[in-house]
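Welcome! Here is a short tour of how the helices and strands of one protein model fit together.

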Amino acid sequence: MRVQGKVVVVTGAAGGIGRAMARRFAAEGAAGVVVADLDAAGASAVAAEIGDRAAAVRVDVSSEEEVAALVETPFGPVDLFCSNAGVIDGHGLDASDQDWNRLYAVNVLAHVHAARAAVPSMIARGGGYLLNTCSAAGLISCPGDAPYAVTKAAAIAFAEWLAIHYADKGIGVSVLCPQGVRTAMLEQGLEDDHLTARAVKASGPILDPDDVAGTVIDGLAAERFHIFPHPEVAEYVRRKAEDPDRWLTGMSRFVTSLTT
(Lines give C-alpha, C1' and ligand atoms only; values in the text may rest on other atoms or scores of the structure.)
Protein backbone atom coordinates (compact mmCIF):
# COMPACT_ATOMS: atom_id res chain seq x y z
CA MET A 1 0.00 0.00 0.00
CA ARG A 2 1.60 3.17 -1.23
CA VAL A 3 -0.33 6.37 -0.64
CA GLN A 4 0.65 8.25 -3.77
CA GLY A 5 -2.40 8.80 -5.95
CA LYS A 6 -4.75 7.26 -3.39
CA VAL A 7 -7.86 8.64 -1.71
CA VAL A 8 -7.60 8.44 2.05
CA VAL A 9 -10.00 8.97 4.95
CA VAL A 10 -8.59 9.70 8.41
CA THR A 11 -10.88 9.92 11.44
CA GLY A 12 -9.75 11.68 14.59
CA ALA A 13 -7.69 13.90 12.30
CA ALA A 14 -8.06 17.28 14.00
CA GLY A 15 -4.99 16.67 16.16
CA GLY A 16 -2.37 14.23 17.36
CA ILE A 17 -1.65 11.11 15.33
CA GLY A 18 -4.60 11.68 13.01
CA ARG A 19 -3.44 15.16 12.03
CA ALA A 20 0.10 13.91 11.51
CA MET A 21 -1.09 11.06 9.29
CA ALA A 22 -3.35 13.30 7.21
CA ARG A 23 -0.49 15.74 6.60
CA ARG A 24 1.98 12.96 5.81
CA PHE A 25 -0.40 11.23 3.40
CA ALA A 26 -0.77 14.52 1.53
CA ALA A 27 3.01 14.94 1.48
CA GLU A 28 3.33 11.43 0.05
CA GLY A 29 1.14 12.46 -2.89
CA ALA A 30 -2.33 11.26 -1.90
CA ALA A 31 -4.94 12.25 -4.47
CA GLY A 32 -7.26 13.38 -1.68
CA VAL A 33 -7.41 13.30 2.11
CA VAL A 34 -10.69 13.45 4.03
CA VAL A 35 -9.92 15.02 7.41
CA ALA A 36 -12.69 13.79 9.68
CA ASP A 37 -13.23 14.64 13.34
CA LEU A 38 -15.89 15.48 15.89
CA ASP A 39 -14.05 18.79 16.23
CA ALA A 40 -15.22 20.48 13.03
CA ALA A 41 -13.05 23.58 13.49
CA GLY A 42 -9.97 21.47 14.13
CA ALA A 43 -10.64 19.33 11.07
CA SER A 44 -11.07 22.45 8.94
CA ALA A 45 -7.77 23.85 10.21
CA VAL A 46 -5.91 20.68 9.26
CA ALA A 47 -7.56 20.56 5.84
CA ALA A 48 -6.54 24.19 5.31
CA GLU A 49 -2.92 23.26 6.13
CA ILE A 50 -3.02 20.59 3.44
CA GLY A 51 -4.77 22.62 0.76
CA ASP A 52 -6.96 21.68 -2.20
CA ARG A 53 -6.36 17.95 -1.85
CA ALA A 54 -8.08 17.88 1.55
CA ALA A 55 -11.68 18.09 2.68
CA ALA A 56 -12.85 18.54 6.26
CA VAL A 57 -15.84 16.62 7.58
CA ARG A 58 -17.39 16.68 11.02
CA VAL A 59 -18.10 13.11 12.09
CA ASP A 60 -19.21 11.28 15.20
CA VAL A 61 -17.60 7.87 14.67
CA SER A 62 -20.05 6.25 17.07
CA SER A 63 -22.72 6.90 14.41
CA GLU A 64 -22.73 4.30 11.67
CA GLU A 65 -24.65 6.64 9.38
CA GLU A 66 -22.05 9.40 9.72
CA VAL A 67 -19.13 7.01 9.19
CA ALA A 68 -20.81 5.54 6.11
CA ALA A 69 -21.10 9.03 4.63
CA LEU A 70 -17.31 9.44 4.77
CA VAL A 71 -16.78 7.09 1.84
CA GLU A 72 -18.67 9.50 -0.44
CA THR A 73 -15.69 11.79 -0.93
CA PRO A 74 -15.18 14.69 -3.37
CA PHE A 75 -12.04 12.90 -4.57
CA GLY A 76 -13.62 9.60 -5.58
CA PRO A 77 -13.74 6.13 -4.01
CA VAL A 78 -11.72 5.49 -0.85
CA ASP A 79 -8.54 3.45 -1.21
CA LEU A 80 -7.32 3.68 2.40
CA PHE A 81 -9.60 4.14 5.39
CA CYS A 82 -7.75 5.07 8.58
CA SER A 83 -10.07 4.50 11.53
CA ASN A 84 -8.02 6.48 14.01
CA ALA A 85 -10.43 8.19 16.41
CA GLY A 86 -10.28 6.95 19.98
CA VAL A 87 -11.16 7.92 23.53
CA ILE A 88 -9.72 7.07 26.92
CA ASP A 89 -11.60 6.80 30.19
CA GLY A 90 -9.29 6.52 33.20
CA HIS A 91 -11.41 4.18 35.29
CA GLY A 92 -11.11 0.64 36.58
CA LEU A 93 -13.87 -1.27 38.34
CA ASP A 94 -15.46 2.07 39.11
CA ALA A 95 -16.20 2.62 35.41
CA SER A 96 -19.94 2.89 34.86
CA ASP A 97 -21.87 1.02 32.19
CA GLN A 98 -22.13 4.36 30.41
CA ASP A 99 -18.31 4.64 30.43
CA TRP A 100 -17.96 1.14 29.00
CA ASN A 101 -20.56 1.77 26.32
CA ARG A 102 -18.96 5.07 25.26
CA LEU A 103 -15.52 3.53 24.83
CA TYR A 104 -16.93 0.48 23.09
CA ALA A 105 -18.80 2.69 20.64
CA VAL A 106 -15.72 4.73 19.67
CA ASN A 107 -12.86 2.28 20.14
CA VAL A 108 -14.53 -0.82 18.67
CA LEU A 109 -17.77 -0.18 16.83
CA ALA A 110 -16.28 2.73 14.87
CA HIS A 111 -13.93 0.22 13.22
CA VAL A 112 -16.89 -2.00 12.43
CA HIS A 113 -18.74 0.96 10.91
CA ALA A 114 -15.69 1.83 8.80
CA ALA A 115 -15.31 -1.70 7.47
CA ARG A 116 -19.01 -1.97 6.63
CA ALA A 117 -18.83 1.32 4.75
CA ALA A 118 -15.58 0.83 2.89
CA VAL A 119 -15.03 -2.87 2.22
CA PRO A 120 -17.82 -3.61 -0.29
CA SER A 121 -16.75 -0.87 -2.73
CA MET A 122 -13.09 -1.77 -2.23
CA ILE A 123 -13.83 -5.36 -3.20
CA ALA A 124 -15.82 -4.20 -6.24
CA ARG A 125 -12.83 -2.14 -7.40
CA GLY A 126 -10.31 -4.93 -6.84
CA GLY A 127 -8.96 -4.07 -3.39
CA GLY A 128 -8.30 -1.49 -0.71
CA TYR A 129 -6.79 -1.01 2.71
CA LEU A 130 -7.93 -0.52 6.31
CA LEU A 131 -5.67 0.97 8.96
CA ASN A 132 -7.08 0.86 12.49
CA THR A 133 -5.39 2.73 15.33
CA CYS A 134 -5.57 0.29 18.24
CA SER A 135 -2.71 1.16 20.66
CA ALA A 136 -0.16 -1.08 22.33
CA ALA A 137 -2.69 -1.22 25.16
CA GLY A 138 -4.69 -3.67 23.06
CA LEU A 139 -1.77 -6.10 23.13
CA ILE A 140 -0.16 -5.55 26.53
CA SER A 141 -3.01 -4.02 28.56
CA CYS A 142 -3.32 -0.55 30.06
CA PRO A 143 -2.56 0.14 33.74
CA GLY A 144 -5.26 2.28 35.28
CA ASP A 145 -7.90 2.05 32.54
CA ALA A 146 -9.95 -1.12 32.18
CA PRO A 147 -12.36 0.05 29.43
CA TYR A 148 -9.47 1.32 27.30
CA ALA A 149 -7.47 -1.90 27.62
CA VAL A 150 -10.44 -4.10 26.83
CA THR A 151 -11.80 -2.08 23.91
CA LYS A 152 -8.40 -1.73 22.27
CA ALA A 153 -7.89 -5.50 22.55
CA ALA A 154 -11.29 -6.00 20.94
CA ALA A 155 -10.34 -3.62 18.14
CA ILE A 156 -7.26 -5.70 17.36
CA ALA A 157 -9.30 -8.90 17.43
CA PHE A 158 -11.74 -7.40 14.92
CA ALA A 159 -8.88 -6.33 12.64
CA GLU A 160 -7.48 -9.87 12.79
CA TRP A 161 -10.88 -11.21 11.77
CA LEU A 162 -11.02 -8.81 8.85
CA ALA A 163 -7.54 -9.80 7.69
CA ILE A 164 -8.44 -13.49 7.85
CA HIS A 165 -11.70 -13.16 5.94
CA TYR A 166 -10.88 -10.54 3.32
CA ALA A 167 -7.22 -11.02 2.33
CA ASP A 168 -8.23 -13.17 -0.64
CA LYS A 169 -10.54 -10.38 -1.78
CA GLY A 170 -7.72 -7.83 -1.98
CA ILE A 171 -8.31 -6.09 1.35
CA GLY A 172 -5.21 -5.24 3.37
CA VAL A 173 -5.46 -4.61 7.10
CA SER A 174 -3.01 -3.07 9.56
CA VAL A 175 -3.26 -2.07 13.21
CA LEU A 176 -1.28 0.88 14.52
CA CYS A 177 -0.12 0.11 18.06
CA PRO A 178 2.00 2.88 19.60
CA GLN A 179 2.82 3.40 23.26
CA GLY A 180 3.52 6.97 24.35
CA VAL A 181 2.81 9.70 21.81
CA ARG A 182 2.88 13.42 22.50
CA THR A 183 -0.83 14.14 22.12
CA ALA A 184 -3.37 16.20 24.03
CA MET A 185 -4.76 12.99 25.50
CA LEU A 186 -1.43 12.01 27.06
CA GLU A 187 -0.57 15.55 28.14
CA GLN A 188 -3.87 15.82 29.99
CA GLY A 189 -3.22 12.50 31.70
CA LEU A 190 0.22 13.63 32.81
CA GLU A 191 -1.20 16.91 34.09
CA ASP A 192 -3.79 14.97 36.09
CA ASP A 193 -1.08 12.57 37.31
CA HIS A 194 -3.19 9.62 36.21
CA LEU A 195 -1.84 6.08 36.60
CA THR A 196 -2.22 5.36 32.88
CA ALA A 197 -0.15 8.39 31.90
CA ARG A 198 2.50 7.59 34.51
CA ALA A 199 2.72 4.04 33.14
CA VAL A 200 3.12 5.30 29.58
CA LYS A 201 5.83 7.75 30.60
CA ALA A 202 7.72 5.00 32.46
CA SER A 203 7.46 2.49 29.60
CA GLY A 204 9.61 4.14 26.97
CA PRO A 205 10.16 7.21 24.81
CA ILE A 206 7.33 9.63 24.07
CA LEU A 207 7.22 10.01 20.30
CA ASP A 208 6.09 12.98 18.24
CA PRO A 209 3.00 12.30 16.12
CA ASP A 210 5.02 13.05 12.98
CA ASP A 211 7.39 10.20 13.86
CA VAL A 212 4.42 7.87 14.21
CA ALA A 213 3.13 8.97 10.81
CA GLY A 214 6.49 8.09 9.28
CA THR A 215 6.29 4.62 10.79
CA VAL A 216 2.80 4.27 9.34
CA ILE A 217 4.08 5.02 5.83
CA ASP A 218 6.75 2.34 6.20
CA GLY A 219 4.33 -0.17 7.71
CA LEU A 220 1.76 0.33 4.97
CA ALA A 221 4.40 -0.04 2.27
CA ALA A 222 5.44 -3.36 3.82
CA GLU A 223 1.77 -4.26 4.46
CA ARG A 224 2.59 -5.36 8.01
CA PHE A 225 -0.40 -6.23 10.17
CA HIS A 226 1.24 -4.85 13.33
CA ILE A 227 2.72 -1.38 12.94
CA PHE A 228 4.89 -0.63 15.97
CA PRO A 229 6.23 2.93 16.26
CA HIS A 230 7.83 1.67 19.49
CA PRO A 231 9.76 -1.48 18.40
CA GLU A 232 9.99 -2.68 22.00
CA VAL A 233 6.28 -3.48 21.94
CA ALA A 234 7.01 -6.47 19.70
CA GLU A 235 9.35 -7.81 22.38
CA TYR A 236 6.73 -7.30 25.08
CA VAL A 237 4.21 -9.24 23.00
CA ARG A 238 6.72 -12.06 22.50
CA ARG A 239 7.38 -12.32 26.23
CA LYS A 240 3.67 -12.31 26.99
CA ALA A 241 3.06 -15.15 24.53
CA GLU A 242 5.99 -17.23 25.78
CA ASP A 243 5.15 -17.04 29.50
CA PRO A 244 1.81 -15.36 30.31
CA ASP A 245 2.11 -16.04 34.05
CA ARG A 246 5.52 -14.41 34.30
CA TRP A 247 4.30 -11.49 32.18
CA LEU A 248 1.25 -10.92 34.40
CA THR A 249 3.44 -11.02 37.50
CA GLY A 250 5.78 -8.48 35.97
CA MET A 251 2.94 -6.19 34.99
CA SER A 252 1.50 -6.40 38.48
CA ARG A 253 4.84 -5.41 39.96
CA PHE A 254 5.10 -2.56 37.48
CA VAL A 255 1.70 -1.19 38.51
CA THR A 256 2.63 -1.54 42.20
CA SER A 257 5.84 0.42 41.58
CA LEU A 258 3.76 3.27 40.16
CA THR A 259 1.29 3.39 43.04
CA THR A 260 3.54 3.04 46.11
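What follows looks at the sheet, the helices lying on it, and one helix pair.

This is a predicted model, in which local features need pLDDT of at least 70 and side-chain atom pairs count only at pLDDT 80 or more, while totals for chains, interfaces and linings use all residues. Residues are numbered from 1 along each chain as its sequence is written, and side-chain values use heavy atoms, leaving out hydrogens and water.

Let's begin with the sheet. It is open, with 7 parallel strands in the order β3-β2-β1-β4-β5-β6-β7. Strands are DSSP runs of E with at least two residues, and helices are runs of H or I with at least four, numbered from the N terminus. Two strands pair if DSSP finds at least two bridges between them. β3 (54-58) and β7 (226-227) are the edge strands with a single partner each, so one side of each has no neighbour in the sheet. β2 (residues 32-37) and β3 are joined in the parallel sense by 5 bridges, with V35 opposite A56 of β3.

Two helices lie on this sheet; angles run from 0 to 180 degrees between N-to-C directions, using axes fitted to C-alpha atoms, for helices over the stretch in contact. Contact means heavy atoms within 4.5 Å.

| Helix | Residues | Angle |
|---|---|---|
| α1 | 16-27 | about 170° to β1 |
| α2 | 40-50 | about 175° with β3 |

Finally, the axes of α4 (residues 97-124) and α6 (residues 146-166) come within 8 Å and cross at roughly 15°. These helices are therefore roughly parallel (angles under 35 degrees).

Terms used. Parallel < 35°, antiparallel > 145°, perpendicular 65-115°, else oblique.
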